[in-house]
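The following exercises invite the reader to work through selected features of a structure. Each task is followed by a solution in steps.

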Amino acid sequence: MSTVDSERTGLRGRAGEVYGWIDERAGTTELLHKGLYEAVPRKGGWAYTLGSATLVLILLQLFTGIFLLLEYVPSFQQAWISLDFLQHSDRFGAAVRGMHLWGAYTLILIIGLHMMRTFLSASYKRPRELNWVSGALLFFLVLGLAVTGAMLPMDNAGYWTLVVVTNIPHYIPFIGTGIRTLWRGGDFVGPIALTRTFAIHIWVLPFLMFALIGGHLALLRRHGEFGAWVNYSTSSDDPEREITGRIRAAEPPYPTKRIERRYAAPRETVNFFPFQLGKDVMVSIVLVAVIFVMAFLFGAPLDERADPSTLTYTPTPEWFYLPLDQLLVFIPTTWLIGFGIFVLMGAAATLFTILPFIDRSTHRRPLERPEVLLPGLFFAAMIVMLAVLGITRLYNL
Amino acid sequence: MIRALADLHLVPVPGDLVTNGLAVAVVALLHVQVAAYLQGAAALSTISQGIALMRPDPRHERFAHGLVTSMAYVFGFGAALAIFWVIWILTVLWGHAWVDLSIVTFWPLVFEAGAFLSEIVLLYAIYAGWDRLSAYPRARFGMLVLLTVAMWLQMDFIDVVASYMLTPNHGDTNQLAQVLNPTSLPLQLHRTVGNIAWAGAAIAFYAGFSYLRATRRQRRRREPELAGARSVGAMAATEFAGTPPSDAAARRGYLDWVGQWGVLWAVMMSLFQIWIGYSYAKEIQLHTYSAWFRMMRGILSNVFLAQIFLLGLIFVLGSLYFWQRMRASGVSRLWVQRLCFVGLVLATLLAVQPAWFAVDEADVIAAHLDRPWWDGGLLNPIGDFIPWKVFALIALMVLGLTSATSYVRAYSEGRVRIGETTRRLQVVLLALGMTVSVMMMVMGVIRENGRQPYLIHGELTIQHQQVVTGPGP
């Protein structure tokens, strides 16, 4: 190993030689430098930990999911038995399943907060529109993973979730019944419905999700973190000159073209490592610890084995689908359910996804863009209230 | 003494209009208006104090102080009224129900009383120490937060009792069953946002009234003097005499700002009511069908239409205010506001169309349509509702939100200039305040009469109450 390599990597002896060999071919040190010493805005770092926490939680789902796959049998007859075995006879089975469940709950909460933070700080504005679009699609994929995961245990809750959810597409005019049949593999829920849902849960959605995560991270690296508007204030008598100085001093990848100059480069930056990474690690550790404790204390419920002939079981949605469930209560007649689900919810989801293309103003401070903030907060409050109303209905069914 | 007590003669409470009807209604409705204002005003004063901490806007500081002062005045009357309510209505007229409720909902009532005492301590400490606490604005903000929480908790606990009276879970006395009875959370959400809306409307009313009074006084003071002046120069001298115009203008500007701030809260919070109220009614339908039938298809259905009309009127008046207020500031291109106003009028008219039903409650019960399917009936939880009314309600929400957003946008861009209002706009503020007040009364009448003849639905009627008429024979 050359002296130069030794200085670059800080490793000596045999280990240094091995690392130097790899580094020469893979450019590891350069990659690490690029990744760790990126300049990030100084203020608002704690709010920015939600993105990395989301990634950590997705990876936790991946790992715990792999462990569950070692014992779960995706068969109509065997699914519940395999989970019952895992729950009661496997030493760590219940804990791993609990972590998968509580990890999913925490992930939905954190990804929601992450999007709320992005919304409030207007980080989705040019040139970061595609970051928002990919993030919104990731959010929908996570919800899809959560609901398909809830169908797999083949206990009463899972079976009836499968029945209800696979029935929803048939409200689409003309093609709805065909989609339902395609998913179920027939008119009724049977073995094929479970196999297809399993495939969607472990292959289709994760594939799309990891592709989007790759794109999301690449875009983040390309445009840098925006932080919050507080990082872009000016303090001198000549703000234009101050901004020009900042742009000149800024390291790539901060964009200097096709963006409002003020928001091209933040006033103060710190290195991603150790300042931001330290915060990221701390938040992620706390979240994983909370999931771990919840998994041990409460675990994941496994209902009685599915009984398709039961007349007494009342299916109830998971908490994150309570707002949608409660929304259905507002919809009076069957023919309007299609309108509610596909027109109202479709319009809301589309508006949510294309938000950066609707909010074209140059303003970033929340109080300077009430035309977006007011409806956004109204609908966020509406979602929370619908969930609260849904709790009442669940308890009193 | 014991002998005399034993000789007391108990008879059922007379169910006439004056004692068990009108008098109860007057006290109850007054109590609701005062209590709701206090809770909403506490939230708004906390928000304004929080804003004053974040940015140097003296109007928010002044507004928070004004609200605390008004709360201190109103609280005294409200507390006396509440005590009168408990002693006269609950103990004397509805003694049996009160004893039953005190047993069943003992802990919620204890916590409610605790929250009430906390409010007294906090409110008067903030009121009396406002100036001294100026040196510690964060402490003052913290105390206001505590006051709001105490107010909210008190409402929360009393809502548990009130909702239990309407949907008592088949008399289930389990604590969780009481707290999560079917209409408990809907009622709490309904009142949380409704109280803030009411406080906003009351503040707008006050601002409008004060503005009219201030400008009327100025007119009266100046008119004779102006008439008596013999030259233009003398008239100008008279005009600038007395109160310096800058002070008067500042006062008018502040009242204008308070008025629009109140309208915004009244309209924005009422937007939530559309679907929270719907959800509340749905839970009544699923769990206390006879009360729901009385309200929606029975004797109270026309009163309910009046209620929906008043809800629509809140948005119509709000939209009219936003539109004309922008116009008064010379804002151009007001087609969005015009469109919202017309749309809101049409949606309100659509929502109040009566629907005629040939069925009566007995027919519905015979067809097993009075219970949801999980209770063995045939009632669809999604239920039947007149589709055009759903579209009307959606239109009210979307157009109301658009109108408010359009106004706030113009305000944030500096296109709405504070102080440039008109006397006519103040009349809209007065009308809005009156509308919300009347709406609360109508709502109270519907809720209390919907439960009739029960005090605790399905468990206890008014005729079960007893009063002491004096020593027996």
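**Exercise 1: A helix and what follows**

In this predicted model, helix α12(B) is followed by B:Gly330, whose phi is positive, near 80°.

Task: Determine how the distance between the end C-alpha atoms of α12 (residues 301-328) of chain B compares with the expected span.

Solution. Helix α12(B) has 28 residues, and at 1.5 Å a residue these should span 40 Å. The end C-alpha atoms of the helix are 40 Å apart, so the two values agree.

**Exercise 2: Two helices of chain A**

Task: Establish how α7 (residues 129-151) and α10 (residues 191-223) of chain A are oriented relative to each other, and which classes of residue form their contact.

Solution. The axes of α7(A) and α10(A) come within 9 Å and cross at roughly 160°. Because angles over 145 degrees count as roughly antiparallel, α7(A) is roughly antiparallel to α10(A). The crossing of these two helices is left-handed. The residues of the contact of α7(A) with α10(A) comprise 14 nonpolar, 11 polar and no charged.

**Exercise 3: The contact between the chains**

Task: Describe the side of chain A that touches chain B, by element and by class.

Solution. Chain A gives 24 residues to the contact, and chain B gives 29 residues. On the side of chain A, the elements that give two or more residues are α13 (322-329) and α16 (370-395). Helix α16(A) gives the most, with 11 residues. Divided by class, this side of chain A has 17 nonpolar, five polar and two charged residues.

Note on methods: Residues numbered from 1 in each chain as written. Chains lettered and ligands numbered in written order. Predicted model: local features only at pLDDT ≥ 70, side-chain atom pairs only at ≥ 80, totals over all residues. Axes fitted to C-alpha atoms, helices over the stretch in contact; angles between N-to-C directions. Helix = DSSP H or I, 4+ residues; strand = E, 2+ residues; numbered from the N terminus. Parallel < 35°, antiparallel > 145°, perpendicular 65-115°, else oblique. Left-handed = near helix turned anticlockwise from the far one by under 90°. Nonpolar A, V, L, I, M, F, W, Y, C, P; charged D, E, K, R; others polar. Contact = placed C-beta atoms within 7 Å. Expected span 1.5 Å × (residues − 1).
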